[in-house]
Amino acid sequence: MSATAGAFNRKPGSALSKAVRYGGALLGVCVGLLSYRYIVQVGPVPANVLANRFFDHWIVVHAGAASTALILGAMQLSSVVRQRWRGLHRASGRVYVASCIAGGASAMVLAAGVSTGPVAAWGFGALGTLWLYATMQGLRSARARDFSRHRAWMIRSYALTFAAVTLRIYLPLSQIIGIDFAFAYRCIAWLAWVPNMVIAEIYLRQRGPGLRAGSQPLPAPSCSSHTDRML
Ligand code: HEM
């Protein structure tokens, strides 16, 4: 087995690491399910979001698609699903990518219409751009059968998708500690995702060269079952 494949298949050992991964996945699924409320039009809508210039129609597209990405992404990163149910991983991966594209495109429209000013607009705009870019790189590398690169880009993509969760943790916390809402919102439009990206990069560096963006592609597989196992 190559060093790259070894790094890829290494078991994440500690109980803490498992708790973080499963806890994160659970939070992702919960936030995703709650956000479907925009499709059925039940439940609260924050006043600043209601004041978004492009709220009508776009929020339904965005909440529906981005929530689907958040829920499916949690499952896509599971090594159990990747290894035992490859067909499910591929099918749900296609839906994840389509959801990110629809969620990201509609996010860019909503970013242009935010009621909290240009700092928040640029924060969401940058997030949406990087989200689309990382996801498209993930798709490209899967099509090229470069699975180490594919996994690295999809980890980045999900770290950005996960901004939906971190934003919904930081925003209530900022209000509990009494920070002015508009100021907090502008900061959190950046803080919701920049630390996620830093953590993803640290994780990828620790996991070995095979999972970094600049790494060489895997050599052509000698048999298809090898790469299938890695997917
Ligand atoms: C990762 C890239 C994302 C970007 C750039 C983005 C951007 C935005 C923007 C600009 C708004 C309007 C905010 C405003 O008017 O102040 C919004 C609202 C919303 N987004 Fe996203 N979003 C992203 C991901 C997600 C994900 C993954 C979900 C899944 C749950 C999600 C769910 C929502 C919901 C439910 C709203 C309505 C506001 C609320 O109820 O909190 N977004 N998003």
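This report walks through a ligand shell, a helix pair and a buried helix in a predicted model.

Let's start with the ligand. It is surrounded by 30 residues, and the closest are Asn 52, Ala 66, Ala 107, Gly 128 and Ala 164. Seven helices appear in the table below, each supplying at least two residues of this shell.

| Helix | Residues |
|---|---|
| H2 | 15-35 |
| H4 | 47-50 |
| H5 | 55-76 |
| H7 | 86-112 |
| H8 | 118-143 |
| H9 | 147-161 |
| H10 | 163-176 |

Of these, H5 gives the most, with seven residues. If you are thinking about the chemistry of the shell around the ligand, its residues divide into 19 nonpolar and 11 polar, with no charged ones.

H9, one of the shell helices, also packs against H12 (residues 194-206), at an angle of about 155° and with the two axes 9 Å apart. Because of that angle, H9 is roughly antiparallel to H12. Their crossing is right-handed. On the H9 side, the contact is made by Ala 152, Ile 155, Arg 156, Ala 159 and Leu 160, while H12 brings Asn 196, Met 197, Ile 199, Ala 200, Tyr 203 and Leu 204. By class, the residues of this contact comprise nine nonpolar, one polar and one charged.

Finally, have a look at H11 (residues 181-191). Which of its residues are buried? They are Ala 184, Tyr 185, Arg 186, Ile 188 and Ala 189. Helices H4, H8 and H10 are among the elements that cover these buried residues of H11, and H4, H8 and H10 also each supply at least two residues of the shell around the ligand.

How values were computed: Residues numbered from 1 in each chain as written. Predicted model: local features only at pLDDT ≥ 70, side-chain atom pairs only at ≥ 80, totals over all residues. Axes fitted to C-alpha atoms, helices over the stretch in contact; angles between N-to-C directions. Helix = DSSP H or I, 4+ residues; strand = E, 2+ residues; numbered from the N terminus. Parallel < 35°, antiparallel > 145°, perpendicular 65-115°, else oblique. Left-handed = near helix turned anticlockwise from the far one by under 90°. Contact = placed C-beta atoms within 7 Å. Nonpolar A, V, L, I, M, F, W, Y, C, P; charged D, E, K, R; others polar. Buried ≥ 20, exposed ≤ 12 C-beta atoms within 10 Å, placed from the backbone. Near = placed C-beta within 6 Å.
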